[in-house]
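Please look through the structure below, with its sequence alongside. The paragraphs after it go from single elements to whole chains and back to single residues.

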Amino acid sequence: MVIYGVYIVSKSGGLIYNYDHNIPKVETEKTFGFPLDIKLQYENKKVVVVFGQRDGINVGHMLLSVNGSTVTGCTTEDGRDVFDIIASKENYPLSLKFGRPRATTNEKIVLASMFYPLFALASQLSPVPKCSGIEILTADTFKLACFQTLTGVKFIVVTDPNMQGTDVFLKRIYELYSDYALKNPFYSLEMPIRCELFDTSLHTLLELVEKSGTANL
Amino acid sequence: MSRLTSRLDAKKVNSELLTLTYGALVSQMLKETESTDDVNKHLERIGYNMGVRLIEDFLARTSSNRCLEMRETADKIQQAFRLYLNMQPTVTSWSSSGDEFSLVWDQCPLSEWVEIPNNGLKYCALIPGAIRGALQMVQLEVQCWFVQDQLKGDAVTELRVKYIKRLEDAVPAGED
């Protein structure tokens with residue numbers, strides 16, 4: 001049982017909690033000779049591989065560092081442009097490190113608010129009235145399970161596609177939310193959850209589910 | 001369900017602790033606030049703020065469905081009284097249109113051992129506030145007030161609950 005992440009979306013569609021759980025880290029470093037046989041492009045403030053997949057460097061991976069110096073945007077630590085470095089022959093051999101881009105908190109907030117209308121759309125598209133909206137969304141590499149409470153809070157988990165019993169698991173997270181977030185007098189409704197007790201009990205739950213599944217929840 | 005009940009049992013506390021804490025709160029408020037009306041209002045507000053949080057706990061514990069009718073709502077409120085105050089009020093005096101009912105009880109842990117001064121204090125004003133707050137979170141607007149009060153010499157305490165409207169714009173997607 002692999003769980004990739006837990007998200008809580010408030011009644012008004014804002015992301016109030018997100019937690020990444022053991023997302024595998026994919027990073028490859030390799031030394032290249034001139035000319036570079038991988039096509040790079042600057043997209044969304046990242047230098048991304050667009051063509052020329054090989055040796056574990058896949059299309060969609062982003063450039064993390066050049067000769068050990070971290071890349072931010074399209075410049076290295078010493079302020080040089082990545083594309084200038086790549087274009088000039090005297091810089092070679094060049095050691096480049098690529099990896100899968102991780103969603104930033106801002107991107108997660110955007111994704112959460114995108115899920116909100118999608119959920120509403122699904123319930124409106126339904127041929128039968130009283131549709132619950134998206135409960136399970138399956139892809140080849142993950143399964144997203146969503147549970148909306150009567151008050152409109154959505155609990156979302158992203159797991160391995162073979163994960164069973166996500167509904168029980170989501171109910172348990174709801175119980176933790178009502179206990180550790182809402183009963184904390186210093187937590188105000190609709191605001192991001194920053195409660196340590198909630199974090200720790202959620203981590204315990206995740207560990208339990210990963211070890212022994214959802215059968216004995 | 002067995003797991004849920006065992007979890008509840010583990011957290012049971014002596015009701016006297018609640019009685020005394022609540023009593024201390026009310027008497028402190030009376031000391032610090034000029035008018036009794038203000039105290040009533042504040043208690044109602046405190047109750048409301050508790051209600052909007054407590055409802056999630058209630059739903060998570062009981063996995064209730066949405067009520068589409070006032071009688072179901074009355075049942076749930078009764079269940080909540082049992083769960084949180086360990087008391088079983090009777091639901092009576094339905095209005096003919098079915099949108100108004102009374103909760104009647106003769107013993108409440110909050111008002112045990114209490115004799116109130118005759119100054120218009122609504123000692124248990126927390127309870128209607130909590131009901132209003134909780135129902136608002138499940139998109140039901142209600143009005144809630146005391147008709148009879150044992151502390152004021154009535155035989156029983158009667159709390160009236162009246163349906164005002166359904167908060168349609170707040171209903172989450174997939175429920176309308």
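In this predicted model, B:Asn14 caps the N-terminal end of helix H2 of chain B. A side-chain oxygen of B:Asn14 lies 3.0 Å from the backbone nitrogen of B:Glu16. The helix that begins here takes in residues 15-32 of chain B. At 1.5 Å a residue, its 18 residues should span 26 Å, and the end C-alpha atoms are indeed 26 Å apart, so expectation and model agree.

Which residues of H2(B) are buried? They are B:Thr19, B:Tyr22, B:Val26 and B:Met29. These residues cover an arc of only 105° around the axis, which means that they sit on the same side of H2(B). The face turned away from that buried side carries the exposed residues B:Leu17, B:Leu20, B:Lys31 and B:Glu32. On the buried side, the packing partners are helix H3 (36-62) and helix H5 (126-137) of chain B.

H5(B) can be taken next. This helix has 12 residues and reaches 17 Å from its first C-alpha to its last, close to the 16 Å expected at 1.5 Å a residue. Of its 12 residues, 10 are buried, so H5(B) is largely enclosed by the rest of the structure. The buried residues include B:Leu126, B:Ile127, B:Pro128, B:Gly129 and B:Ala130, and further along B:Ile131, B:Gly133, B:Ala134, B:Leu135 and B:Met137 are buried too. What covers them includes both helices and strands of chain B: H2, H3, helix H4 (70-85), strand E2 (100-105), strand E3 (140-148) and strand E4 (157-166). Just after H5(B), B:Gln139 takes a positive phi of about 65°.

One residue of H3 in chain B shows the link to this part of the chain. B:Ile55 has its place in helix H3, and with a relative accessible area of 8% B:Ile55 is buried, because buried means under 20%. What does B:Ile55 touch, not counting residues up to four places away in sequence? Its contacts are A:Thr151, B:Ala134, B:Met137 and B:Val138. The list thus holds a residue of chain A as well as residues of chain B. The C-alpha atoms of B:Ile55 and B:Leu135 are separated by 7.8 Å, although the two residues are 80 apart along the chain.

Chain B as a whole has five helices and four strands. Along the sequence they follow the pattern α-α-α-α-β-β-α-β-β. The radius of gyration of chain B is 17 Å, close to the 16 Å that the globule rule gives for 176 residues, so chain B is as compact as a globular protein of that length. Its C-alpha trace spans about 50 × 40 × 30 Å along the principal axes. Of the 176 residues, 46% count as buried. Among contacts between residues at least 6 apart in sequence, 58% join residues at least 24 apart. The accessible surface of chain B comes to about 9,500 Å², and carbon and sulfur atoms account for 50% of that surface.

Chain A contains four helices and 11 strands. Its radius of gyration is 21 Å, well over the 17 Å that the globule rule gives for 217 residues, so chain A is more spread out than a compact globule. The C-alpha atoms fill a box of roughly 65 × 45 × 35 Å along the principal axes. In chain A, 43% of the 217 residues count as buried, and about 11,600 Å² of surface is accessible.

Within chain A, helix H3 covers residues 166-181. Its 16 residues reach 21 Å from the first C-alpha to the last, close to the 22 Å expected at 1.5 Å a residue. Since 12 of the 16 are buried, H3(A) is largely enclosed by the rest of the structure. Among the buried residues are A:Phe169, A:Leu170, A:Arg172, A:Glu175 and A:Asp179.

Is A:His61 buried or exposed? A:His61 is buried, with a relative accessible area of 5%. The residue lies in the loop between strand E5 (46-51) and strand E6 (62-66) of chain A. Leaving out residues up to four places away in sequence, A:His61 touches A:Val26, A:Val47, A:Val48, A:Val49, A:Gly56, A:Phe98, A:Gly99, A:Arg100 and A:Pro101.

Technical notes: Residues numbered from 1 in each chain as written. Chains lettered and ligands numbered in written order. Predicted model: local features only at pLDDT ≥ 70, side-chain atom pairs only at ≥ 80, totals over all residues. Heavy atoms only, no water. Helix = DSSP H or I, 4+ residues; strand = E, 2+ residues; numbered from the N terminus. Expected span 1.5 Å × (residues − 1). Buried < 20%, exposed > 50% of the residue type's maximum accessible area, 1.4 Å probe, protein only. Arc of directions from axis to C-beta. Contact = heavy atoms within 4.5 Å. Polar contact = N/O pair within 3.5 Å; in protein donor to acceptor, adjacent residues only side chain to side chain. Rg over C-alpha atoms; globule rule 2.2 N^0.38 Å. Areas by Shrake-Rupley, 256 points an atom, 1.4 Å probe, with all protein chains shown as cover.
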